[in-house]
Amino acid sequence: MGQSINELRPLVETRVAEVEERVALLAQPTPDALRSLDRLVTDVTLPGIRRPLGAEHPVVKTTNEIVSIFRGLGYSLEEGPEIETDYYNFESLNFPPNHPARDTQDTLFVAGQDRKPQRERLLLRTHTSPVQIRSMQKHKPPVRILSAGKVHRHDTPDASHSPLFHQVEGLAVDTNITFSDLKGTLDHAMKALFGSSVRTRFFPSFFPFTEPSADVSISCFKCGGKGCRLCKQSGWIELLGCGMVDPNVFEFVRENGYDPAKISGFAFGMGADRIAMLKYEIDDIQLLFHGDMRFLEQFA
Ligand code: PHE
């Protein structure tokens with residue numbers, strides 16, 4: 001290294017001397033000196049290098065929009081890890097070990113953990129719902145929280161599936177929270193997101209951590225419910241899962257003030273990618289993750 005550095009030294013010294021000379025000349029410019037400098041000095045009148053400003057990714061833009069709607073309702077943001085334990089992703093959300101509802105989640109597990117107890121095993125979170133439990137461990141009721149982020153499922157990529165996607169989760173716990181509060185909240189949020197003429201419809205569904213559970217559809221914001229390509233001629237678009245927090249979930253955080261006899265709550269989860277795709281009429285989820293400038297620039 002010494003030899004190479006010694007060869008470099010005179011080059012660096014000459015350059016430094018040149019620059020110093022020019023700086024000195026510029027400090028006391030004579031017409032002659034300026035003429036000889038013409039070739040050497042940077043022309044400050046040349047147009048600069050334009051740096052693109054960048055733009056929010058459509059998923060980020062949509063997530064921020066959803067977050068700001070719920071901020072207006074008094075919700076605050078919480079974060080949780082993307083690499084979760086079985087306990088937070090499943091067990092504390094009332095998915096008992098070996099319960100068949102786990103199969104619906106196509107989980108990606110971290111390898112080589114066979115010797116750990118099941119609840120400590122690491123996995124890529126399959127939904128943002130583990131943030132519900134983490135928030136209730138951190139804060140005593142009442143809580144109104146929102147969490148947004150990446151989730152992972154073992155899905156083969158196609159136009160509507162991606163092994164990585166994004167969810168926005170909400171949780172409200174207080175005294176006397178009812179299903180009507182859930183309906184009113186989501187109806188307001190969907191109108192804020194898709195336009196005030198949009199209607200919502202709640203269908204019975206199942207999630208281990210909510211009881212009762214519902215899937216929510218909105219009337220098609222494009223055709224107004226008459227039927228079009230966007231809503232597959234049905235007039236309705238299925239958008240999110242929700243329900244009243246199952247008392248069994250509260251049992252996991254009971255000692256932090258969550259006595260299911262005294263409090264109640266609701267939770268909901270929605271796919272940010274799906275909402276972005278609907279809003280911007282993107283017909284292939286893969287476009288969101290390819291980083292193609294021609295696609296992304298359209299959102300600038
Ligand atoms: N976590 C559920 C899912 O990913 C969605 C959900 C969230 C349902 C909260 C009910 C309450 O499918």
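**Two pockets and a ligand**

Reader: What space lies in the second largest pocket?
Author: About 320 Å³ lies in the second largest pocket. The volume is the space filled by probe spheres set on grid points, joined across faces, edges and corners. This is a predicted model, where local features need pLDDT of at least 70, side-chain atom pairs need 80 or more, and totals for chains, interfaces and linings use all residues. Residues are numbered from 1 along each chain, and side-chain values use heavy atoms, without hydrogens or water.

Reader: What makes a residue part of the lining of the second largest pocket?
Author: A lining residue has an atom within 4 Å of a point on a 1 Å grid over the protein atoms alone; a pocket is an open set of points where a 1.4 Å probe fits, with protein on both sides within 12 Å along at least five of seven lines. The second largest pocket has 22 such residues, with Thr63, Ala148, Gly149, Lys150 and His166 nearest its centre. α3 gives the most, five residues.

Reader: Where is the ligand?
Author: The ligand takes the space of the largest pocket. That pocket has a volume of about 1500 Å³ and 49 lining residues. β8 supplies the largest share, eight residues.

Reader: Why do the side chains of His127, Ser129 and Gln167 count as polar contacts of the ligand?
Author: A polar contact is a pair of N or O atoms within 3.5 Å. Histidine 127 places a polar side-chain atom 3.0 Å from a ligand nitrogen. Serine 129 has a side-chain N or O atom 2.9 Å from a ligand nitrogen. Glutamine 167 has a polar side-chain atom 2.9 Å from a ligand oxygen. So these pairs qualify.

Conventions. A polar contact is a pair of N or O atoms within 3.5 Å; within protein, one must be able to donate a hydrogen and the other to accept it, and residues adjacent in sequence count only if both atoms are side-chain atoms. A molecule sits in a cavity or pocket if more than half of its atoms lie within 2 Å of its grid points. Helices (H or I, at least four residues) and strands (E, at least two) are DSSP runs, numbered from the N terminus.
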